[in-house]
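Trainee: Please take a close look at the salt bridges, with their positions and exposure. After that, go on to the backbone and to whatever else bears on the same surface.

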Amino acid sequence: MCVFAAGTAGFARLLHESWNDAFYRTAVTATLTGLDSTPRGTGAELLTIGIALAGVAIFGYLVAGALDAIAHEVAGETRKNRRRMRMIHALEDHFIICGYGRVGRRAAEEFDASGQPYVVLDFSPDAIAAAKERDTLFLEGRGSEDEDLEQAGIDRAKGLLASADSDAENLYITLSARARRGDLTIVARASDAEAERKLLLAGADRVVRPYSAAGVEMAKLALKPQVAAFLELVSTHAGPDLRFEEIEVRSGCPQAGKTIRQLAIRRTTGAVVIALRKPDGTFDITPNPDEQIEVGDVVIAIGTEPELQALEEMFSTRAVGV
């Protein structure tokens, strides 16, 4: 503004031009687009040189500011990416969500509510944008690529969700993950019964068909609405405190070999054991109080968050025998 004001006033005085002509001469000189005409007189020539040099300085300042802003943006994004990769590499006992569409995002919400660490692995721009918006740990890649799975920490992972929109992609994801980890828990998404069969053959532990599950859920809500409401209440981490939990009895647990009655689980923790899953895969529903809990059993219980935490402590390998 100072350059334009001084130039306009100077040209109007030295060249006896109108204010409009003087402002035009200042503008074309300062913006380095050229000269309107050769100025007459030493004073006008010196003023033209000064305005031109000022124009160069202003242009250089603006370019430097723009480059500095770009550099800060790039550096900031680089720092964010490095921090994100450090957090991913530090993950243990986490889940890998391969496919961050509607199904993957809903699973991520459940993980967030339960405090379960996870990382998203997807290549879709929409999925990456959604992960950034939700401040979710993510990697840009495919679950069917061994290098991308390694970057996501598959060797340290607790489980993997093959939740891509394509059955073929989920099949490749399952094959790649199972080839890398034989003991990894894999839950896959399928669109029909044939895809479900192939995913199970490929190594998936569980297969979910969203459309079929939605139909079953609708039927439950229609036929037994209160039962369905209760199951929804205890099976989601986003709802009230009451929920289900499963606890595996590991080797070295001091409670192994004792009965439910001896452990006094209800009195000690407040949680209620509703089923036992035996190592052979069979379920003992509403087990007898004199049922022994052995190594390899999975205790399925219902209770509030503090009650279930107390139950986990009871069956931890650090627990003191009852």
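**Salt bridges and their surroundings**

Mentor: Lys278 counts as buried, because its relative accessibility is 16% and buried means under 20% relative accessible area, exposed over 50% and partly exposed in between, with a 1.4 Å probe and protein chains only. The model is predicted, so local features need pLDDT of at least 70 and side-chain atom pairs count only at pLDDT 80 or more, while totals for chains, interfaces and linings use all residues. Residues are numbered from 1 along each chain as its sequence is written, and side-chain values use heavy atoms, with hydrogens and water left out.

Lys278 forms a salt bridge with Glu291 (a side-chain nitrogen of Lys or Arg within 4 Å of a carboxyl oxygen of Asp or Glu), and the closest N and O atoms are 3.3 Å apart. This pair links distant parts of the chain, the two residues being 13 residues apart. Lys278 sits in the loop between β9 (272-277) and β10 (283-285), and Glu291 sits in the loop between β10 and β11 (292-293). Helices (H or I, at least four residues) and strands (E, at least two) are DSSP runs, numbered from the N terminus. The partners fall in separate exposure classes: Lys278 is buried, whereas Glu291 is partly exposed at 23% relative accessibility.

By the same rule, the count comes to 15 salt bridges. Another of them pairs Arg250 with Glu248, with 3.8 Å between the closest N and O atoms. Arg250 is exposed because its relative accessible area is 51%, while Glu248, at 41%, is partly exposed.

Glu109 forms a salt bridge with Arg106, and here the closest N and O atoms are 3.4 Å apart. Both residues lie in helix α4 (residues 102-114), where they are three residues apart, about one turn of the helix. Glu109 is partly exposed at 37% relative accessibility. Arg106 is partly exposed as well, at 42%. The pair is part of a wider arrangement: Arg106, Glu109, Glu110 and Arg134 are linked in a network of salt bridges.

Now the backbone. The loop between β10 and β11, which holds Glu291, also holds Thr286. Phi of Thr286 is near 45°, a positive value in a residue other than glycine. Most residues other than glycine have a negative phi, and most peptide bonds are trans. Thr286 is exposed because its relative accessibility reaches 61%. Ala264 likewise has a positive phi, of about 50°, although it is not a glycine. Its place is in the loop between α11 (260-263) and α12 (265-269). Ala264 is buried, with a relative accessible area of 13%. The two residues with positive phi thus contrast in exposure, because Thr286 is exposed and Ala264 is buried.

Next, the surface beyond the charged pairs. Leu32, Val56, Phe59, Val63, Leu67 and Ile70 form a nonpolar patch there. Patches are made of residues with over 30% relative accessible area and no salt bridge, like charges being joined within 9 Å and nonpolar side chains (Val, Leu, Ile, Met, Phe, Trp, Tyr) within 5 Å. Together the six have about 560 Å² of accessible area, by the Shrake-Rupley method with a 1.4 Å probe, where for residues only the protein chains shown count as cover. One of the members, Val56, lies in helix α3 (residues 42-89). Val56 is partly exposed, with a relative accessible area of 45%.

A single aromatic residue is also worth a look. Tyr24 is found in helix α2 (residues 19-30) and is partly exposed, with a relative accessible area of 46%. Its C-alpha atom is separated by 9.7 Å from that of Phe4, although Tyr24 and Phe4 are 20 residues apart along the chain.

Last, the cysteines. The structure holds zero disulfides, a disulfide being a pair of cysteine sulfur atoms within 2.5 Å. Cys98 counts as buried because its relative accessibility is 2%. Cys253 is buried too, with a relative accessible area of 7%.

To return to your request, the pair to inspect is Lys278 with Glu291, which links distant parts of the chain. For a pair inside one helix, set it beside Glu109 and Arg106, both in α4.
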